[in-house]
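I opened my notebook for a look at one chain, strands to begin with and a helix afterwards. Here is what I looked up.

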Amino acid sequence: MNTENTLRHDWSKEELLAIYNKPLLSLIYEAATIHRNWHKEDEIQISTLLSVKTGGCPEDCSYCGQAARYHTDIKVQALLPTETVLAHAQKAKDNGSSRFCMAAAWREVRDNKDFDRIIDMVKGVNDLGLEVCCTLGMLTESQAIRLQEAGLYAYNHNLDTSEDYYDEIISTRKFDNRINTIDHVRKAGITVCSGGIIGLGETNEDRISMLRTLANMEKHPESVPINALARVKGTPLEDNPKVDIWEMVRMIATARIAMPASMVRLSAGRIEMTEVEQAWCFMAGANSIFTGERETLLVTPNPGVSEDMQMLQNLGLKSMTNHKETATCSNH
């Protein structure tokens, strides 16, 4: 396996655009080769994402059905009981997941009883032997430290899009707020999960700019989710066109080449992909998917556990059992 000193953190926008725009099969071949140098080619990490608090968010993210200001069919749900969350985590583990992610539709974490309950959830999931991930909105450094001390393995905070296009999608916070939270997470010793969404109306240059921000961080995010816009009725982006599969493949391949040690996660939008299309994404360097017993990814449709396991079997892939040790090795 390669080591940290072979990773680059000085990519230019022109270099990454040239990679993204390569002839498709050449691009996939290069990404697949790099993937096999850094990761086991037949392993996919199965991650389960559970919404522990749904809807009612004060943010105005144009793609999100959980924003309180949009009229969607999504029902607001208060923070789930800890026992309920731990039961979901145990079931996820039984179904082959090695990572359990808890999401709360908050703008930011507040130091209150709800955060205390999140801390208890993190401790409980960690005790099950799963990688624990949370996505809770903006964090202070002291809050990140509390999560780390409770056993949090990863924190998800996506950039969503480029800094230049960010204000077109969200007005209730700034791009720098995203970067600040990621910095707090990193300082606390928690691994970073950060990626973006394509299909928001952005240009290819915006996509590359977002990847460049991640790839030029002092330490690459250990996880990079690549999401295709899940169009939610009632949101400003509900009528955006479906993301073309080859655009997803190009994004995944470019992320894999620029950040070879990272887990590249094929995230939202899989419900609209065929098994063959998902196979191309794995060939291009994706090595993780999100699945769930409820057949949802937060509040949008997602393939179910049995469907995903059948797909992996068809493709000769297997679920990763323990990623923490691998992650430690690749981040020396």
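I count two strands as paired if DSSP finds at least two bridges between them. A reminder to myself: this is a predicted model.

Entry one, strand β2. With that rule in hand I looked at β1 and β2, which run parallel and are joined by six bridges. I picked out one residue, Ser 51, and found that its bridge partner in β2 is Ala 103. I then turned to β3 (residues 131–135), which runs parallel to β2 and is joined to β2 by five bridges. Here Met 102 has Cys 134 in β3 as its bridge partner. I followed the chain from β2 through helix α4 (residues 113–127) to β3 and noted a right-handed β-α-β crossover.

Entry two, burial of β2. Are the two faces of β2 covered or open? I found both covered: Arg 99, Cys 101 and Ala 103 are buried on one side, and Phe 100, Met 102 and Ala 104 are buried on the other. Six of the six residues of β2 (99–104) are buried, so the strand is largely enclosed by the rest of the structure.

Entry three, helix α11. I listed the buried residues of α11 (residues 305–315) as Val 305, Asp 308, Met 311 and Leu 312. They lie on the same side of α11 because they cover an arc of only 125° around the axis. What do they pack against? I noted β1 (43–53), α10 (275–283) and β9 (288–291). On the face turned away from the buried side I found Ser 306, Glu 307 and Gln 313 exposed. Just after α11 comes Gly 316, with a positive phi near 75°.

Definitions and conventions:
Residues are numbered from 1 along each chain as its sequence is written. This is a predicted model: local features need pLDDT of at least 70, side-chain atom pairs count only at pLDDT 80 or more; totals for chains, interfaces and linings use all residues. Side-chain values use heavy atoms; hydrogens and water are left out. Buried means under 20% relative accessible area, exposed over 50%, partly exposed in between (1.4 Å probe, protein chains only). Helices (H or I, at least four residues) and strands (E, at least two) are DSSP runs, numbered from the N terminus. The arc is that of the directions from the helix axis to the C-beta atoms. Contact means heavy atoms within 4.5 Å. A crossover is right-handed if, with the strands pointing away from the viewer, the path from the first strand over the helix to the second runs clockwise.
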